[in-house]
Amino acid sequence: MAETGRRRYLLAGAIACGLMAAASGQPPAKPPQGGMATGGVFAPVLDAQKRPITAGGLVEAGPSLFQDVAEKAGLTRWRHVMGTPAKTYILETVGSGVALLDYDNDGWLDIYLVNGSTYKALNGAEPAPHAALFHNNHDGTFTDAAAKAGVTNDRWGFGAAVGDYDNDGWPDLYVTNFGKNRLYHNNHDGTFTDVAEKAGVALGNWSTGPAFGDYDGDGRLDLFVPGYVHYDPAHPPIAGSDVVGFNYCQFRGTNVMCGPRGLKGEPDHLFRNNGDGTFTDVSEKAGVADAKGYYGLTGVFADLNDDGKPDLVVANDSTPNYLYLNRGDGTFEDASFASGYAFNENARETASMGIAVGDYLNNGRLDLYNTVFSDDYNPLYRNDGGANFSDVSYQLGIAVPTIPFLGWGTGFLDYDNDGWKDLFAANGHVYAGVDDMGWGTTFAQRPLLFHNLRGKFELAPAVKGTALGSVFAARGAAFGDLFNDGKVDVVVNQIDGPPALLRNVGGAGNHWVALKLIGGPKSPRDAAGATVYLTAGSTRQRCDVLSGGSYASSNDPRPHFGLGTAEKVDSVEIHWPSGAVEKFTLPAVDRIFTVEEGRNASPTVSSARR
């Protein structure tokens, strides 16, 4: 029988990553003072070379699963900028997301990288850093078309969500900022127009990880925008000022940047799509306005109780997470605590950054995984049915390895196409001086990949010379098949650095299929909210079309299914947002098929590559 949560909490302090290192300390009875929620203070975990495990624990040989090909692909000419290297204020530390979208409808995913800014740029004393829109050249390289497309943003950016809000068949882009947000309408000619003010979704102050979803079932995408901290550059949070007290500006007894605890939270917003290019703020009416002032970082719509209506989850930093169940009448029930998602298994709030959504057990239910701060573990919430969740991280042995890491972008992905969803977390710290503190953690950190062994997980080795053995100051991460080769890749937006493109080079020999879905007249055109069940052999998988999630990012909207050695698909069942259910078979594997609602008898091949 598994140990109790309390006992696990006291004993957690060791990490396995190719080699084992024991931590001798125990967390104190009371958490240390500070602006971040953690599980306590844990002894440093070092590898055989006395390096912190977050940048160490490498093995000499092993499988090459991912390779960083960002430079070869032409992405490293662009660089993320956020504040100063000192990271004095919280505004400079959070970092930005990344979105994958086929903005020109050529069948290949392009990459949008949100950029930050500087205080000088805010004051007009220097040019603002630009966001990047990397057009896919179909040959493994990308060209930055942001200026030509009109999406450079030129504001202090954080998150991005992709959705066809006007149902014209072209993906639009919503970008959140400190300051006013942008809604980039796709003009169908490779350019975009910012219509946020006209649409009524510009907001102001500090917005984070947005998401599109049709919460009211009218066939039009609505928009959720979480708020983080209410921030005033003229009166920044300085320890002991009238903005924040000293105790919210320390970590492990060391002075650090202040917050988010001790600072005023920024409210969340739900915008209902009016169908005429404008939106109405219905946050209060719908019951998702965040009256408690929690620190929201990432939101995503997903049907968690399988009633055909998209629910809403929000990862909150150092405050309880939100889980709202869709009542179907334009309102949500706050089931955060009753569902088990508000806290981890120790009944403790976490500093949640990102959210992964996926069915890791292949039982037809969506599970949730959160990335959190260092000195704490990432909780995996198993869906026990009816949107009731159990934190099973310790049961599965994946809690302890994450404790020294500070996680951000995350996702379920079947990297080896064996039919079981694996779990990826991109990591990086927020305190600029952490490398010199002896805490057993680092600013740049290597990613973690947990291989799904039919419902149990095994940590993939950090092999030297591969992306899993490299360190990144990671923030946003997005997952998708960028090369149309049937393998899911990862794009990471690094704070104050170039992006990383982790090309999937593993999983050779297994089969796959992917689907580009097009909704009918009563569904969103991009099929956001659709659920696909695919059966091949004895395995039945589920994939959903989602907008948002990870950390402030948007993934490939095409449901992807690894088939293992199966050479045919026995059945596909699509539950469209309209409520229609269609069943059909596919004529082949190792293909990307386009499926339009109401025309399921003849799925067409979008791409075929091995």
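This passage walks through the pockets and cavities of the structure, which is a predicted model.

A good place to begin is the largest pocket, which holds about 590 Å³ of space. Its lining is made up of 32 residues, and those nearest the centre are Asp102, Asn105, Lys516, Asp526 and Pro557. Several strands take part in this lining: E4 (98-101), E8 (156-163), E33 (511-518), E39 (591-596) and E40 (604-607) each bring at least two residues. Among the contributors, E33 gives the most, with three residues. In character, the lining of the largest pocket comprises 14 nonpolar, 11 polar and seven charged residues.

Next comes the second largest pocket, with a volume of about 450 Å³. Here 32 residues form the lining, and Asp303, Gly308, Lys309, Pro310 and Gly529 are the closest to the centre. At least two lining residues come from each of strands E12 (211-213), E18 (296-302), E34 (531-536) and E35 (539-544). The lining of the second largest pocket splits into 13 nonpolar, 11 polar and eight charged residues.

Turning to the cavities, the structure contains four of 30 Å³ or more. The largest cavity has a volume of about 530 Å³. It is lined by 34 residues, with Val357, Phe412, Asp544, Asn555 and Asp556 nearest its centre. Strands E22 (354-358), E26 (407-413) and E30 (474-480), together with E35, each provide at least two residues of this lining. Strand E35 thus appears in two settings, supplying residues to the second largest pocket and to the largest cavity. The lining of the largest cavity consists of 16 nonpolar, 10 polar and eight charged residues.

Key: Residues numbered from 1 in each chain as written. Predicted model: local features only at pLDDT ≥ 70, side-chain atom pairs only at ≥ 80, totals over all residues. Heavy atoms only, no water. 1 Å grid on protein atoms, 1.4 Å probe; cavity = no way out; pocket = protein on both sides within 12 Å on 5 of 7 lines; lining within 4 Å. Points joined across faces, edges and corners; volume = space filled by probe spheres on them. Helix = DSSP H or I, 4+ residues; strand = E, 2+ residues; numbered from the N terminus. Nonpolar A, V, L, I, M, F, W, Y, C, P; charged D, E, K, R; others polar.
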